[in-house]
Amino acid sequence: MLVISCRLLAAKEIVFWHAFEGFLYDKFAEIVEDFNHQSKAYHVTLEFQGSYIDTYKKGVQAFEQGKAPHILQVYEVATQTMMLSPEMFVPVDDLMRRYFKKFDPDVYIDAVRDFYSTADGKMFSLPWNASTGILFYNKKAFEEAGLDPNKPPKTWPEMESAGVKLVGAGYKGFVTAWPAAYHLEHICAWNNLPFATKENGFRGLDARLDFNGPYQVRHIAKLTDWQKRGIFQYLGRFTEKPEAAFTEGRAAILLQGANRFPMLKKASSHPIGVGFLPYWPDIPGAPYRLNIGGSSFWAISGFDEDVYRGIAQFFNYLSQVEPQAYWHQQTGYLPITEATYYLSKKKGFYEKNPAAEVAVLEVINGKITPNTKGIRLGNYPIIRDKIIDYLEKAFSGELSAKEALDRAIQEGNEVLSQFEKEHLKK
């Protein structure tokens, strides 16, 4: 009888498939363990599934097989595909209002709430590890080049001028992670330029790519020219080589996510400064609001009421200031609520961690337009790879900037057209 009673009192398990590993897993696991300790009725079990892509693909396959987890972490580029699979999830807005009558989506920062919501404002998933790009620079290199180590370049012309001096001092000017993100997605949002029609996909499946305007072409052409002059060095589409060039002191400036600051600081022997991403000063009103990357948490459908009550309690806990502040301050990811930002500022966190505040200000201070919300397109992981393929052809001189962007749009739109046809059949 004692064994039966213990089983009856056991907390109900909530299975959560995720892509966190290393330091990020350790910090998130601490937060989850705190929830488990406080909760009498529920226990969240974390199960690592590999990369963002692997986790998403396994989650979809498991759902189709009737073996899905209760919660699935989905990276931002797959958001549109998830939203168009309503049979697969319970919208967070519905879930939270069912169990928390005072649920208010307006407590979340606009940039993160908007990206994971429908055009009419209904939240579909819970934002969590949201990030955006900033500028890191080597203060020692700036001093050696005769630049002010406390004044990073604010505009692209200033980047060019600084790059000339840095090259003269023996450095590569700047490197970048994720070229499609930093030199098209961010460029478009920060400068209020279109990336795709239908408000970058937010307003319809018939959206098509639209990033080959004169400003975008000029930017890619400038990168190609700067590479020839050593001001810019393209080191691949991932993060390892650009970050190594910066931390080892070969490149003086790195464009990368603010959440990478702890790692960069640990790996570098030189002092690191931070600044906002550069903008083009001849574009009226620039800079605007920067778009976000990262991932969100989705409540998967097909379970009983008790499971959803537990998920709602867990999501409510994650949205509270204390766990939010811990995650934000430990990892450098954006806070998902304004209250978390103001608490962190009140306690002096940003005085010692300016990179974290630069990222927050990029997404809360800028002007909001249809071009600043982010990219919500079907099969965007495939499209992004095609974009990078053609950016590399521009950087190598195989194609002009205009030719490269035109070809990327042509092939990307073929993917979008096929995606639209497939979903209209459903």
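1. A good place to start is leucine 377, which touches Val77, Gln80, Phe195, Ala196, Asn200, Gly201, Ala207, Leu209 and Leu416, leaving aside residues up to four places away in sequence. Contact here means heavy atoms within 4.5 Å.

2. Before you go on, note that this is a predicted model, where local features need pLDDT of at least 70, side-chain atom pairs count only at pLDDT 80 or more, and totals for chains, interfaces and linings use all residues. Residues are numbered from 1 along each chain as its sequence is written, and side-chain values use heavy atoms, without hydrogens and water.

3. Leu377 is also among the residues with the most contacts inside the largest nonpolar core, which has 76 residues. Such a core is a set of buried Ala, Val, Leu, Ile, Met, Phe, Trp, Tyr and Cys residues joined through side-chain atoms within 4.5 Å; buried means under 20% relative accessible area (1.4 Å probe, protein chains only).

4. A second, separate core has 64 residues, including Phe349 and Val360.

5. Now for the rings: the whole structure holds 37 aromatic pairs. Rings of Phe, Tyr and Trp (its six-membered ring) pair if their centres lie within 6.5 Å; planes under 30 degrees apart count as stacked, over 60 as edge-to-face and the rest as tilted.

6. Why is the pair of phenylalanine 349 and tyrosine 350 edge-to-face? Their ring centres are 5.3 Å apart and their planes lie at 70°, so the pair is edge-to-face. Both phenylalanine 349 and tyrosine 350 are buried.

Note on methods. Buried < 20%, exposed > 50% of the residue type's maximum accessible area, 1.4 Å probe, protein only.
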